[in-house]
Amino acid sequence: MISNLSLRRAVAAAVIVVVGGSACSSVALTQGPRLAKSQTLRVIIDDQPQTLDPGQSQYSFENAVLRVIEEPLLRALPDLSGVTPAAAETYDVGNNGTQYTFHLRKTAEWWDGTPVKAQDFVYAWRRLIDPRLAAPTGTFFANVVFNGDKVSILDPQRDSSKIDAGLQSLGLAAPDDYTFQVNLSRPDPAFVWLAAMPSGAPIRQDVVAKSRDKWSSSPDTLMTNGPFRVSEMAADDHLTVTPNPHYWGPRPKLTSVIFEVVKDGAAALDRFRSGGADVMDVQPAQAGSVTADSQLAKRLVKVPALTVYWVAFRVTSPRLASSRVRLALAEAIDRMAFVDQVFQGQAQPAEAFIPQGMHGYSADLTGTQKFDVAQARAELSSAGVSPAQLSGIRFSFDQASDFSKATATFVRDQLKANLGVTITLDPLDANTLGSRLASGDFDITGPLGWSADYPDPADWYDIFLTTNSNNDSLYQNGHYDGLVNAAQTDMDPNLRDQEYLQAQKQLVSDAPVAFLAQSVSWFLVQPYVRGLVTSPVDDWPGELAPAQLYLLER
């Protein structure tokens, strides 16, 4: 969940964006501009990866590297319409949606030429659920794999004698070298997205046993199965990946990708301007410089992200108990002005829950909380509430966050100008704010939000369930709960879509929150970088299909 974030972006796309070629057709490299002699792509990342162990990764700058060196069972299609085979050539679903059988490619190999086996996936997924590893994404797998919930809560000290046996009891099996079978605790149509997560990549048990905790920190022992492998690690500076000579798929056109760590946004921009970098993300502080530079503006690629921000209303607050009152407040906020003033253009207005570009987005729902001053005033009047009766309600926010202060100030000014409602700003330190949210001692708070862990509605709707700890609004609606709980296990895709759509319609109209904005990632890409396709699951443009990237002469 996003609470009081800086304006960092989750890298995601609403549509496929192709730079210098077609996403669907091959490129004739012998025609037109000539290939550059050096096929080394230089990508700037914001920080040094703390680990390249799939079971320990959690940050975007780690996934930025992992997705080009590791290959999970499946991969997301660039437009998020589904998944496509990766390490698994095919898969079957049986036992009413509770058993997934993945048939691995017999030509898939690790970079040292060793075949990728089903046991490598069994070992990797057991590690994710092993409470001794405390994997950041382990909960996703533990919640769906049979017996995972029971094993993951074992205490590493108190229950140490039970853990190994518990891991053996998980619904993970390798009937043969090329068959990986996963038994789930319940039907889960979102499971395929977990199978496509970078953290679900295979791991060699023999390598880990030999090098223990150091196996992922050296190119010699970091055994990977993706199109590239790490060939060089330079602490706090850069790391280099080169083609995996034993990768089953097409050999990459690039001879190397250098991930350069540049933590300062201004320094990164200077490096790009001087031709010292080929791909970088634009941080908010540099957005104005980029748009003001006509040459840089031509290199700009804008990618809507799967991240949505909102402000929350405490529905148990006497003056905010009416959904009509909350809806009036939501309709009185000019989201385009919010995008321009607070996000400096690196966002787009959001009036519904599911972001544009993800399955489940519905343009039909964007009218309910749409900015409309006349409608907002009429809504408030129909609720039998005057602006004076709402005056004095508190907007509690994190006083240490510039983003939070700017959001609170903007909402205050909007409600005053458009509804005549005077709200009181309530700046708090982070600990006090957290305590207030937990106890429900606030009227309005934010900005809050959500960024997709994986691109399926199942990752989103639980937030507003009555019993969910992320439900800061204290929203309770039995109809919403019923729809969401049904959709979680509904294997009929059409029925599941309708259940989620009805739940979202209920949520938007009940207005426990006022949706504000969907962030948009900005990237700079040099014009000689070709074959690049952006996707909602990328952490840098081109990451999902790095093997098709190539460079032309400058």
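Me: Why is Asp413 called partly exposed?
Reply: Its relative accessible area is 39%. Buried means under 20% and exposed means over 50%, with partly exposed in between. The value of 39% falls in between, so Asp413 is partly exposed. Note that this is a predicted model. Asp413 sits in helix 15, residues 402–419. From Asp413 to Trp450 there are 37 residues in sequence, and 25 Å in space from C-alpha to C-alpha.

Me: What makes Asp539 and Arg67 a salt bridge?
Reply: The distance from N to O between their side chains is 3.0 Å. The cut-off is within 4 Å, for a side-chain nitrogen of Lys or Arg and a carboxyl oxygen of Asp or Glu. Arg67 brings the nitrogen, Asp539 the oxygen, and 3.0 Å is within 4 Å, so the pair counts.

Me: Which parts of the chain does this pair of Asp539 and Arg67 link?
Reply: Distant ones, 472 residues apart. Asp539 is in the loop between strand 21 (532–534) and strand 22 (550–551). Arg67 belongs to helix 1, residues 60–69.

Me: Why does Asp539 count as buried?
Reply: Asp539 has 17% relative accessibility. The limit for buried is under 20%, so Asp539 passes. Arg67, at 13%, is buried on the same limit.

Me: How do you know that Glu543 and Arg67 meet in a salt bridge?
Reply: Their side chains come to 2.9 Å, N to O. That is within 4 Å, so the definition is met. Glu543 lies in the loop between strand 21 and strand 22, and Arg67 in helix 1, so parts that are 476 residues apart in sequence are tied together. Glu543 has 0% relative accessibility, which is under 20%, so it counts as buried.

Me: What makes Asp177 and Lys117 a salt bridge?
Reply: The closest N and O atoms are 3.4 Å apart. This too is within 4 Å, so the pair qualifies. Asp177 lies in the loop between strand 8 (172–176) and strand 9 (179–183). Lys117 is in the loop between strand 7 (99–104) and helix 2 (118–129), so the pair ties together parts 60 residues apart in sequence.

Me: Are Asp177 and Lys117 buried, exposed or partly exposed?
Reply: Asp177 has a relative accessible area of 42%, and Lys117 has 25% relative accessibility. Both values sit between 20% and 50%, so both residues are partly exposed.

Me: How many salt bridges does the structure hold?
Reply: It holds 23. Some share partners: Arg314, Arg394, Asp426, Arg436, Asp441 and Asp443 are joined that way into one network. In general, side chains of opposite charge can pair when their charged atoms come close.

Me: What makes the protein as compact as a globular protein of its length?
Reply: Its radius of gyration is 25 Å. The globule rule gives 24 Å for 554 residues. The two values are close, so the protein is as compact as a globular protein of that length. Its C-alpha trace spans about 75 × 60 × 45 Å along the principal axes. Buried residues account for 56% of the 554. Of the contacts with a separation of 6 or more, 72% are between residues 24 or more positions apart. The secondary structure comprises 18 helices and 22 strands.

Me: What is notable about the peptide bond from Gly446 to Pro447?
Reply: The bond is cis, with omega near 0°. Most peptide bonds are trans. Pro447 is part of strand 18, residues 444–451.

Me: Why single out the phi of Asn147?
Reply: Asn147 is not a glycine, yet its phi is positive, about 70°. Most residues other than glycine have a negative phi. Asn147 lies in the loop between helix 3 (138–142) and helix 4 (148–152). Its relative accessible area is 18%, which is under 20%, so Asn147 is buried.

Me: What sign does the phi of Leu474 have?
Reply: Positive, about 65°, although Leu474 is not a glycine. Leu474 is placed in the loop between strand 18 and helix 17 (478–489). With a relative accessible area of 30%, between 20% and 50%, Leu474 is partly exposed.

Methods
Residues numbered from 1 in each chain as written. Predicted model: local features only at pLDDT ≥ 70, side-chain atom pairs only at ≥ 80, totals over all residues. Heavy atoms only, no water. Helix = DSSP H or I, 4+ residues; strand = E, 2+ residues; numbered from the N terminus. Buried < 20%, exposed > 50% of the residue type's maximum accessible area, 1.4 Å probe, protein only. Rg over C-alpha atoms; globule rule 2.2 N^0.38 Å. Contact = heavy atoms within 4.5 Å.
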